[in-house]
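Please work through the exercises below with the sequence and the model open beside you. Each task is followed by a solution that proceeds step by step.

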Amino acid sequence: MTQYRDTELNELLAQGRIPRHVAIIMDGNGRWARRRGMPRIAGHRAGVESVRRVVSACGDHGVEVLTLFAFSSENWKRPQQEVGLLMELFLTVLKKEVKKLHRNNVRLKVVGAREAFSEKLQERIRIAENLTRDNDGLTLVIAANYGGRWDVTQAARQLAEQVARGELKPEQIDERRLGEHLAVADLPEPDLFIRTGGEQRISNFLLWQLAYTELYFTDVLWPDFDREQFELALRSFAGRQRRFGRTGEQVERVAGA
Ligand code: IPE
Ligand code: IPE
Ligand code: MG
């Protein structure tokens, strides 16, 4: 991993080596709180501040899309109380932050099996998405009750339905067509993946879309993740050579041309 000094970061950023799409697993809230002798929900609340910081840093650096993993398909397995409090937090944050996001020209999009949420929460999500739908600044994608396996499965089901209706032949199904039915189909694939909290796993996040994403793991717990930490990740990304199956020499030739 190449490390760059501060001045060099600015140069790299100026060269346009900024990821268009950053996807983050915001992990470590519970441990952050427990270390302070506080209930886990206090960590989730503190994590909201990190979200604000990263959203603003993305805006400043010209990142086009930021996807945040807020609640996985598997997080329902947590104690009922924590799940309930997380849903409440989601609702209050949506209510409180949406106007500010709108003022900052942010387009909000929620992906996941939202029918599992309360009617009230679903309504809030609809309001937020409708209010911000025409904004052309940062696209902020919140993955809530999202799972990579759910996403690929629901896309496969849509294709199967088209085949059953006689609108599509099985041999017409290719990667592009399946990709078009994924929840984040209209967005570029993530260039940079960040996971805070020290675990080095994907935990059923964007399985299909992460095929060629650069992965970055940090031990920093999500509530401690700040602009400086985010810039460290950008710096790491800027120093990498993405080969997409080709050789390093081929990539250099194209870059030098
Ligand atoms: C991530 O933090 C937030 C959610 C999954 C909602 P955790 O709650 O997983 O924090 P740790 O991993 O227990 O520290
Ligand atoms: C992944 O974190 C999900 C979110 C951050 C929303 P988890 O804390 O649920 O992941 P595991 O269980 O440690 O793999
Ligand atoms: Mg965790």
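**Exercise 1.** In this predicted model, find how the residues that line the largest pocket divide into nonpolar, polar and charged ones.

Solution. Step one is the division by class: the lining of the largest pocket has 26 nonpolar, twelve polar and eleven charged residues. Step two is the space itself, since about 1,100 Å³ lies in this pocket. Step three picks out the centre: among the 49 lining residues, M26, V51, F69, A70 and W222 are the closest to it. Step four turns to the elements, where two or more lining residues come from each of helix 2, helix 3, strand 2, helix 4 (80-103), strand 3 (107-111) and strand 4 (139-146). Helix 4 has the largest share of the lining, with ten residues.

**Exercise 2.** Work out which residues surround ligand 1, and which of its surroundings come from helices.

Solution. Begin with the place, for the space taken by ligand 1 is the largest pocket. Around ligand 1 one then finds M26, D27, G28, N29, G30, R31, R40, H44, A70, N75, R78 and L86. Sorted by class, this shell has three nonpolar, five polar and four charged residues. Helix 2 (29-35) and helix 3 (40-61) each give at least two residues to the shell, and the largest share, three residues, is that of helix 2.

Next, look at the individual contacts with oxygen atoms of ligand 1. A backbone N or O atom of G30 lies 2.9 Å from one such oxygen atom, and a backbone N or O atom of N29 lies 3.1 Å from an oxygen atom of the ligand. With R78 it is the side chain that takes part, an N or O atom there being 2.8 Å from an oxygen atom of ligand 1. As a last step, consider the cover: on its own ligand 1 has 380 Å² of accessible area, and the protein covers 87% of this.

**Exercise 3.** Determine which residues lie around ligand 2, and which side chains have a polar atom at a stated distance from one of its oxygen atoms.

Solution. First locate the ligand: ligand 2 sits in the largest pocket. Its surrounding residues are I25, M26, D27, F69, A70, F71, S72, N75, R78, R195, R201 and S203. Strand 2 (residues 65-72) contributes the largest share of this shell, namely four residues, and by class the shell has five nonpolar, three polar and four charged residues.

Then take the side chains in turn. For S203, a polar side-chain atom lies 2.6 Å from an oxygen atom of ligand 2, while for R78 an N or O atom of the side chain is 3.2 Å from an oxygen atom of this ligand. R195 likewise has a polar side-chain atom, at 3.3 Å from an oxygen atom of ligand 2. To finish, the protein buries 78% of the 390 Å² that ligand 2 exposes when taken alone.

**Exercise 4.** Find which helix gives the most to the lining of the second largest pocket.

Solution. Start from the volume, as the second largest pocket holds about 300 Å³ of space. Of its 13 lining residues, R17, R240, Q241, R242 and V251 are the closest to the centre. At least two lining residues come from each of helix 8 (227-238) and helix 9 (248-256), and helix 9 gives the most, with three residues. By class, this lining has six nonpolar, two polar and five charged residues.

Note on methods: Residues numbered from 1 in each chain as written. Chains lettered and ligands numbered in written order. Predicted model: local features only at pLDDT ≥ 70, side-chain atom pairs only at ≥ 80, totals over all residues. Heavy atoms only, no water. Near = heavy atom within 4 Å. Polar contact = N/O pair within 3.5 Å; in protein donor to acceptor, adjacent residues only side chain to side chain. Areas by Shrake-Rupley, 256 points an atom, 1.4 Å probe, with all protein chains shown as cover. 1 Å grid on protein atoms, 1.4 Å probe; cavity = no way out; pocket = protein on both sides within 12 Å on 5 of 7 lines; lining within 4 Å. Sits in = over half its atoms within 2 Å of the grid points. Nonpolar A, V, L, I, M, F, W, Y, C, P; charged D, E, K, R; others polar. Points joined across faces, edges and corners; volume = space filled by probe spheres on them.
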